[in-house]
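Hi,

Here is the model I promised to pass on. Have a look at it first, and my notes come after.

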Amino acid sequence: MGSNINVTLGNWSEWFMLLAAMTYLVVFVAFVWDMASHSKTLGLTERSRRGNTAEGAKELVGATAAHSGSTTAGSSSGGATRGGAGTGESVADEFRTSADGAKGVNEFEALDYKHNSRRPAARVAVTLMVIAFLLHAFAVVSRGVAADRVPWANMYEFCTTGALVVAGVYLVTLFFKDLRFVGPMVSGLVLIMLCLATIAFPTPVSPLQPALQSYWLIIHVSIAVAASGIFTITFAMAVLQLLQSRREKKLATGEDSRLGFLRAVPTSVTLENFSFRLNSVGFVFWTFTLAAGAIWADQAWGRFWGWDTKEVWTFVVWTVYAAYMHARVTRGWNGNRSAWLSIAGYLCVVFNFTVVNTLFPGLHSYSGL
Amino acid sequence: MTETRTPRPKKAQRSDVEVPALGPLGMARWAWRQLTKMSTALVLLLLLAIAAVPGSLFPQRVQDPDAVTSYIEANPTMGPWLDRLQLFDVFSSYWFSAIYLLLFISLVGCVLPRAVQHFKAWRSKPPRTPRRISRLPQYRKVMLGGRDGAAAPSPDDAVEQAAAALKKRGYRVQMQDLGSAAPSVAAERGMLKEVGNILFHVALLGVLVSVAIGALFGYKGQKIIVEGESFVNTLVDYDSFNPGTNFDPDWLNPFSVRLNNFQATFNRDTSDPRHYGQPTDFNADLTVTDEPGATPQDVNLAVNKPLNVNGTKVYLVGNGYAPVIRVTDGEGNVAYEGPVVTVPSDSVYTSSLTLKVPDARPDQLGFVGLLLPTAVSEPGEIPRSADPALNNPALILSSFYGDLGLDSGQPQNVYVLNTENLTELNSMTSANGPILLDGQHREVQLPNGKGSVEFLDVKRYVGLDVHSDPGRIPAFISFVLAFVGLIMSLFIARRRAWVRATTTEDANGVRCTVLEYGLLARGEDHRLGAEAEKLTALWTSLWEDRGVREFHLNSSDKA
């Protein structure tokens, strides 16, 4: 393989990476701003509603507890907001129309966008994040072009490409679900990954070593990056889930929670269910990473599994997430415990990437340091 | 994955009562039940993860036996203890094996009953329609008929058509109570979800068995070949050989390999000093004869491209320089002539050399030293290598004479010269300095008339790993099955649907048919509501011409 390295483009890539990092910083600030202001708004409506209940309506407290954040003030008017069907025809009383009937069309309704809420700071954050993502994508792609290969062959590239995937996965899910409440954590983690790449693992553009010259580099590493991206987001959700469930417990006993920003975050159950969905995709990806790595190892080193440090940790991560998958259907292990498993799994992913790559000797230690 | 979410208080009570009567059989049954519990499997999984960690903290014999030896030497107090706890053989240790064997037993104990249960469920019909469909997590109601005075389908017709439509959607259906006032259809889909789940777990077992087959009947061997030399796949020809526990050397297939040429390419991009001189490509030209008498074939061996000779794989794992040296002894006879394999120790291929010449007379000779591919020397300093390529190859040697200790019959490391019974002739530290051989100085006389050394040429050698693992293909197939099973079990939804039709009159006194339907998911199913909506759309398209009215239900209707 000839080394067709374009140094100028490589420098451009680094500049764009810095630019992207700075934009992510602004995104982070905007998201935090949004969380603060949005949870404040929610807090105010909550208080005014509580005032209303004190005055007259009785059934609302129960409803709030049951449907949690998804219940908007609209349903308290007992109205048929969506049930226009019955008006034309007079139907037997049994078939009365009501808004409640359509409930549960989607379990994750709580994560749908609400049309009545205005969150200017969140809009700014998402718009800037798209811009940051584009800058970031340019930086990553131009680095690949500059090095004449895929841009994930050393720690710097794994970090930057991984951060790009995290941002990408997040922005794509934002299309379908209102996950802006994880925005501060996701943009923060992306920022940390970019800082880590530029400060701790700076590596100039270089060609590949013989051991990495294989199309398995494209398959194995790209899926590994994608899986790590998904795990990053579920990690953020698991942390929020733990905080939220603590807050829920406090509120249930009538105490006040100091973590007011969690008003803008869905219930712990919704978080748990949604992160399980993401994690199952992540788990499938990780299983594939492990197997693709084994196939590559079989070609490059002559054995598909040899308990190299990296292999050990990939196995550990897989086992922890396998435990997580089982925990969800085991009594006594769902809820907070499964969130802890998800966090433990992510910490193993991080450890596998940072400490194992840099400090442990092993066959994967050509990662550019 | 036993779904233990539904509490079973009755059973717990009964076992409480039985506690005093637990005999040995009861104990065994109790132990078995504990082991095959889901939470036990979960804890075992976590234990397995934790137990694997020391395998990355301590050097492992499967990885690098030399590293283990030097670790024990460096830690004389802790080392032997760690060894006793099998921390250098974590993945074949008793405790690690115990965990995964228990896990797999638990898995079998969990999966087998489930497989039997699922088989029965598959053979039996979908369960009877519950009396109150409205209790199901998803419940809908539509009224058929009444549009422009069109007659509603009779309840039987409605159920039959609904059953046909459900069947088309992948449900298996069972019609019930046809001809009665409230006929219904029970439907179920996603039976493959559980099949996937079972397949995944059984296939994991397959992976384990395949690995075991590989460990029993496979082998690994290492061989170094210098350019121009050959290797035949027989036991005697290996430098080192690790057979599987039940391997019979007669199973070796006698192919032969000849190394014609080896080329290493290095990064020559001067603008990038950090990566300058790093290898970018290794390439070996081989001639392979599959079996004695077969036509030799020229093949190319690279790092990621192993050679496959009838299932035995040959890998390029190492390379280096082998200087060709001629040693003439004190009596004027050629005591050694040939390539000497050196061991590269850094990125510029500074390679250490050890040469033992037992045939030299009157005294045996021994040499240790370095090969520098691109020797650079500054005045007053020891020459060093500046580049991995052969630009100015040089040898720096110390020489010894005396008894090499080879005649005692004890096996010796060819890369270590035991100088105990040897007398030094010259070295780095001696007054006469080391032997220096390069392009200008091809021959050097040894002191005291002990002979001479000639530096003739430098050849390249490759290190080959030869592997045969009969478990490789089964492991791969098992994995593919496990992966398919995993995807099936995670992304197929298992649902039951029930549809019941009854006759009623609408407000205008027209006879209509009410279709009630409900859905129940097995396990997590976030799309159950969407499926209910789809069914509504299905009925609408079926009976649109007769009129379909959808009812939005109050939560109070969910009796």
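Below is what I found in it, with the conventions up front.

This is a predicted model, so please keep the filters in mind: local features need pLDDT of at least 70, side-chain atom pairs count only at pLDDT 80 or more, and totals for chains, interfaces and linings use all residues. Residues are numbered from 1 along each chain as its sequence is written, chains are lettered from A and ligands numbered from 1 in the order in which they are written, and side-chain values use heavy atoms, with hydrogens and water left out.

**Chain B overall**

Chain B has 11 helices and 25 strands; these are DSSP runs numbered from the N terminus, helices being H or I with at least four residues and strands E with at least two. Of its 559 residues, 45% count as buried. Buried is under 20% relative accessible area, exposed is over 50%, and partly exposed is in between, with a 1.4 Å probe and protein chains only. Among contacts in chain B with a separation of 6 or more, 64% are between residues 24 or more positions apart; contact means heavy atoms within 4.5 Å.

The UniProt record (an unreviewed entry) puts "transmembrane region" at residues 39-58, 94-116, 198-219 and 473-493 of chain B. UniProt positions are in the numbering used here, feature names are shortened, and annotations may be inferred rather than shown by experiment. In the model, residues 39-58 of chain B are 90% helix and 0% strand, with end C-alpha atoms 30 Å apart. For residues 94-116 of chain B the figures are 100% helix, 0% strand and 32 Å.

**The six-stranded sheet**

Chain B has an open sheet of six strands in the order E2-E3-E23-E24-E1-E25, paired antiparallel. E2 (172-176) and E25 (548-551) of chain B are the edge strands with a single partner each, so one side of each has no neighbour in the sheet. From one strand to the next the twist averages 20°. Two strands pair if DSSP finds at least two bridges between them; E23(B) and E24(B) (residues 511-521) have 11, running antiparallel. Val499(B) is opposite Tyr517(B) of E24(B) in that pairing.

Helix H8(B) (residues 155-168) lies across E1 (138-144), E2, E3, E23 and E24 of chain B, at about 155° to E23(B). Axes are lines fitted to C-alpha atoms, for helices over the stretch in contact, and angles run from 0 to 180 degrees between N-to-C directions.

Elsewhere in chain B, E7 (residues 256-266) pairs antiparallel with E5 (residues 230-232) over three bridges and with E8 (residues 279-289) over 10 bridges. Ser256(B) faces both ways along the pairing: Val232(B) stands opposite Ser256(B), and so does Thr289(B) in E8(B).

**Two helices**

Where does H9(B) pack? Its buried residues sit against H8 (309-327) of chain A, together with H7, E2, E3 and H10 of chain B. Those buried residues include Lys193(B), Glu194(B), His201(B) and Leu204(B). The 27 residues of H9(B) should span 39 Å at 1.5 Å a residue, and the end C-alpha atoms are 39 Å apart, which agrees. The expected span is 1.5 Å times one less than the number of residues.

H5(A) (residues 183-200) has 18 residues, for which 26 Å is expected; the ends are 25 Å apart, which agrees. Among its buried residues are Val186(A), Leu189(A), Met193(A) and Ala197(A).

**Salt bridges**

How many salt bridges are there over all chains? The count is 24, a salt bridge being a side-chain nitrogen of Lys or Arg within 4 Å of a carboxyl oxygen of Asp or Glu. Three of them in chain B:

- Asp89(B) and Arg61(B) have their closest N and O atoms 2.8 Å apart. Both sit in loops, H6-H7 and H4-H5 respectively, so the pair ties together parts 28 residues apart in sequence. Asp89(B) is partly exposed at 22%, as is Arg61(B) at 31%.
- Glu194(B) and Arg114(B) are also 2.8 Å apart at their closest N and O atoms. The first is in H9(B) and the second in H7(B), so parts 80 residues apart are tied together. Both residues are buried.
- Arg494(B) meets Glu188(B) at 3.1 Å, N to O. Arg494(B) is in the H10-E23 loop and Glu188(B) in E3(B), so this pair ties together parts 306 residues apart. Arg494(B) is buried at 6%, and Glu188(B) at 2%.

In chain A, Glu14(A), Arg143(A), Arg149(A) and Glu157(A) are linked in a salt-bridge network.
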